[in-house]
Amino acid sequence: MIRPVNFGFNSETAVNNAFQVAGDANNVQERALAEFDAFVKLLKENDVDVLVVNDTPQPHTPDSVFPNNWISFHENGIICLFPMFAPNRRQERKETVLKAVEKKFKIKKKIDFSEYEANHLFLEGTGSMVLDRENRIAYACISPRTDKKLLTIFCEQMGYKAVAFEAADENGNAIYHTNVMMCVADKYVVICIDSLLHKKEREEVIHSIKNSGKEIIDISLNQMNHFAGNMLQVENKNGEKLLIMSTQAYESLTKKQTGKLSSFNRILHSSLATIETNGGGSARCMMAEIHLEEK
């Protein structure tokens, strides 16, 4: 997780992120920092191992609090770096972050996809792709930030099967990142089926999820707008699996949905209102899960 130093509304990403709204500009960094610190505290209190890296003031990176878009970590010691749509987000790929990770974890290989930025092809990490790591499936809704050709290249190199589709919100806007409309956990998938535009693709996604032995927990478009799709299942130091989300996401769920999710694992939620409004991302976007072996 990257502790923000210059958090704020990013006009370069707002062009295709309908979840992003220019909120009250007063003390945005201070409020975002307070939300970040409270979130990390909650995770640590529940025995989640969190590596926090402080962002640097230069270069100016207002979205650095969302590291899962530019880097991913994999079980076989591979790290991947990804091409970013917004030029100012490309500067988030900082050596300070890589060195902090390398200090604690074994990195065997680095695959750098960022060179595709020169061809205006983008694939924004585990924002663009929701990975079922166990079954080697990469779910991806195609958007200006998620190129189908590049998705195929990633899957070929990393041994994944691509399940690609088109998804939109109730206003017909393409959903910018797959991880705002679905979350893949070990035994279940939270997904906004109504956002899937085409009947054939909808059937393919549902079949893929059911075929992988996971239960579908469907959320509404309205719940998706409250970041209910932007969840992440993590495992703490005791081997306990936890489902992490924002308080806004949690409060949008019905009792039946929270009951079903709680039957699988404990839910943790933290208020991220400033980060969600100005950044257009939520709890899942703030966590880049590390599957590397510790040194």
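**View 1. Glu289 in the segment that follows helix α11 of the predicted model.** In this predicted model, Glu289 lies in the segment after α11, a helix that spans residues 273-279. With a relative accessible area of 19%, Glu289 counts as buried, because the limit for that class is set at under 20%. The side chain of Glu289 makes a polar contact of 2.9 Å with the side chain of Arg284. When neighbours within four places in sequence are left aside, the residues in contact with Glu289 are Phe73, Thr126, Arg133, Leu232 and Arg284, so that Arg284 appears both in this list and as the partner in the polar contact.

**View 2. The open sheet formed by β3, β4 and β5.** Three strands make up this open sheet, in the order β3-β4-β5, and their pairing is mixed. The edges are taken by β3, residues 71-73, and β5, residues 109-112; each of these has a single partner strand, and therefore one side of each is left without a neighbour in the sheet. From one strand to the next, the twist averages 15°. Between β4, which covers residues 78-81, and β5, the pairing is parallel and runs over four bridges. Within this pairing, Ile79 has Lys110 of β5 as its bridge partner.

**View 3. A cis peptide bond and two residues with positive phi.** Most residues other than glycine have a negative phi, and most peptide bonds are trans. Against that background, the peptide bond that leads from Gln58 to Pro59 is cis, with omega near -10°, and Pro59 itself is placed in the loop between β2 (53-54) and β3. His120, although not a glycine, has a positive phi of about 60°; this residue belongs to the loop between β5 and α5, the latter spanning residues 125-128, and His120 counts as exposed at 63% relative accessibility. Arg136 is likewise not a glycine and has a positive phi of about 55°. The loop that holds Arg136 lies between β6 (130-132) and β7 (137-141), and with a relative accessible area of 28% Arg136 is partly exposed.

**View 4. The cysteines Cys141 and Cys155, neither of them in a disulfide.** A disulfide is a covalent bond between the sulfur atoms of two cysteines. The count of disulfides in this model comes to zero, the cut-off being a pair of cysteine sulfur atoms within 2.5 Å. For Cys141, the closest cysteine sulfur is that of Cys192, and because the two sulfurs are 11 Å apart, they are too far from each other for a bond. Cys155 is in no disulfide either, since the nearest cysteine sulfur, in Cys80, is 11 Å away. Both of these cysteines are buried, Cys141 at 0% relative accessibility and Cys155 with a relative accessible area of 4%.

**View 5. The buried and exposed faces of helix α10.** Helix α10 comprises residues 255-264, and its buried residues are Gln257, Thr258 and Leu261. Seen down the axis of α10, these buried residues fall within an arc of 95°, and so they line one face of the helix. On the face turned away from that buried side are the exposed residues Lys255, Lys256 and Ser263. The cover over the buried residues of α10 includes the strands β10 (188-191), β11 (215-218), β13 (241-246) and β14 (266-270), together with the helices α8 (221-225) and α9 (247-252).

**View 6. Strand β10 with its partners β9 and β11.** In a regular strand the side chains alternate between the two faces of the sheet. In β10, Tyr188 and Val190 point one way, whereas Val189 and Ile191 point the other way, and all of them are buried. Strand β9, residues 182-184, runs antiparallel to β10 and is joined to it by three bridges, with Cys183 standing opposite Val190 of β10. The connection from β9 to β10 is a hairpin that passes through three residues. The pairing of β10 with β11, by contrast, is parallel and extends over four bridges, and here the bridge partner of Val189 is Ile216 in β11.

Key: Residues are numbered from 1 along each chain as its sequence is written. This is a predicted model: local features need pLDDT of at least 70, side-chain atom pairs count only at pLDDT 80 or more; totals for chains, interfaces and linings use all residues. Side-chain values use heavy atoms; hydrogens and water are left out. Two strands pair if DSSP finds at least two bridges between them. Helices (H or I, at least four residues) and strands (E, at least two) are DSSP runs, numbered from the N terminus. Axes are lines fitted to C-alpha atoms, for helices over the stretch in contact, and angles run from 0 to 180 degrees between N-to-C directions. Buried means under 20% relative accessible area, exposed over 50%, partly exposed in between (1.4 Å probe, protein chains only). A polar contact is a pair of N or O atoms within 3.5 Å; within protein, one must be able to donate a hydrogen and the other to accept it, and residues adjacent in sequence count only if both atoms are side-chain atoms. Contact means heavy atoms within 4.5 Å. The arc is that of the directions from the helix axis to the C-beta atoms.
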